[in-house]
Amino acid sequence: MAGKKVGVLAVQGDVSEHVRAFVDALGGEGEVVEVRSAADLAGCDAFAIPGGESTTIARLIGENGLREAIRSFTGGIFATCAGMVIVAATINDTRFAPLGIVDITVERNAFGRQKDSFEADLEVLGLEDPFHAVFIRAPVAAAAGPGVEVLSRIPQGIVAVRQGKHMALSFHPELSGDLRLHRMFLAGL
Ligand SMILES: NC(=O)CC[C@H](N)C(=O)O
């Protein structure tokens, strides 16, 4: 983990919470930078795509010339909530094309209006104790390809996956004050 440089996509969404969580997870050994351009991303070992509004984030990725830079990024990607929609292979929305980085089929806003936001204690593969997860108008993965490891699943669908160095989560680990998933991600880089 020592000396890792983590970029956080800083175009929309809960950017500062992600920066803080990675600063804390790195324990002062690495560096966290905000990414708004391909030049910012160059040299990063990892890249976080925060929660927010996925259609807006996808548009700003395009406008900032980041789409191909992210698709060809060789480090690990940590995608949460809207980020999970953006890195998916397939989504249930035709307004933008996902990046096709993680082989999952994602359903946006999967919990409907009456349950827009909720919290749940999840069993997560690789974690000894449950993870208290905050879901905010969250997506789920309805399906995952053979190269994808499902880390957590609830009755509505898959909510945490790992594919190689990448992780995609339906919920917001940066809001729980629990850095175990950040550490698991950094350990896999
Ligand atoms: N908290 C979030 O990131 C919500 C994601 C949002 N519902 C979207 O798909 O854009």
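Two residues are taken to be in contact if their C-beta atoms, placed from the backbone, lie within 7 Å. By this criterion, and leaving out residues up to four places away in sequence, Glu174 touches Asp14, Glu17, His18, Ala21 and Thr80. The structure examined here is a predicted model, and the description proceeds from the annotated sites to the strands and the nonpolar core.

Glu174 is one of three positions, together with Cys81 and His172, that UniProt lists under "active site" in an unreviewed entry. These three positions are spread over 94 residues of sequence but cluster in space, with a largest C-alpha distance of 11.0 Å. Glu174 is placed in the loop between S12 and helix H6 (180-187). Because 30 C-beta neighbours fall inside 10 Å, Glu174 counts as buried.

Cys81 occupies another loop, between strand S4 (76-80) and helix H5 (82-87). This residue is likewise buried, since 29 other C-beta atoms lie within 10 Å and the threshold for burial is 20 or more. Its contacts, residues up to four places away in sequence not being counted, are Gly51, Ile136, Ala138, Pro139, Ser170, Phe171 and His172. One of these contacts, His172, is also an annotated "active site" position in the UniProt record. The backbone of Cys81 has a positive phi of about 55°, although the residue is not a glycine. Most residues other than glycine have a negative phi.

A second annotation in UniProt, "binding site" (unreviewed entry), comprises Gly52, Glu53, Ser54, Arg108, Ile136 and Arg137. These residues span 86 positions in sequence, yet no two of their C-alpha atoms are more than 12.6 Å apart, so they gather at one spot. The residues around the ligand are Gly51, Gly52, Glu53, Ser54, Cys81, Ala82, Val85, Arg108, Asn109, Ile136, Arg137 and Pro139. By class, this shell has five nonpolar, four polar and three charged residues.

The two arginines of the "binding site" annotation were examined individually. Arg108 is found in the loop between strand S6 (104-107) and strand S7 (117-122), and Arg137 in the loop between strand S8 (131-136) and strand S9 (140-144). Arg108 is partly exposed, with 19 other C-beta atoms within 10 Å; Arg137, with 18 such atoms, is also partly exposed. When neighbours within four places in sequence are left aside, Arg108 is in contact with Ser54, Val85, Ile91, Asn92, Asp93 and Pro139. On the corresponding basis, with residues up to four places away not counted, Arg137 touches Asn109, Asp116 and Ser117. Arg137 also has a positive phi, of about 40°, although it is not a glycine.

Strand S11 (residues 157-163) has six buried residues out of seven and is therefore largely enclosed by the rest of the structure. S11 pairs with strand S10 (residues 149-154) in the antiparallel sense over five bridges, and a hairpin of two residues joins S10 to S11. S11 also runs antiparallel to strand S12 (residues 166-169), to which four bridges join it. Ala160 takes part in both pairings: it is the bridge partner of Ser152 in S11, and its own bridge partner in S12 is Leu169. The hairpin of S11 and S12 has two residues between the strands, and within it Gly164 takes a positive phi near 60°.

The largest nonpolar core has 62 residues, and those with the most contacts inside it are Val87 and Val161. Val87 touches Ile49, Ile77, Ala79, Pro98, Leu99, Ile101, Val102 and Ala168, residues up to four places away in sequence not being counted.

Key:
Residues are numbered from 1 along each chain as its sequence is written. This is a predicted model: local features need pLDDT of at least 70, side-chain atom pairs count only at pLDDT 80 or more; totals for chains, interfaces and linings use all residues. UniProt positions are given in the numbering used here, feature names are shortened, and annotations may be inferred rather than shown by experiment. A residue is buried if 20 or more other C-beta atoms lie within 10 Å of its own, exposed if 12 or fewer, and partly exposed in between; C-beta atoms are placed from the backbone. Two strands pair if DSSP finds at least two bridges between them. A residue is near a molecule or strand if its C-beta atom, placed from the backbone, lies within 6 Å of it. Ala, Val, Leu, Ile, Met, Phe, Trp, Tyr, Cys and Pro count as nonpolar, Asp, Glu, Lys and Arg as charged, and the others, Gly among them, as polar. A nonpolar core is a set of buried Ala, Val, Leu, Ile, Met, Phe, Trp, Tyr and Cys residues joined through C-beta atoms within 7 Å.
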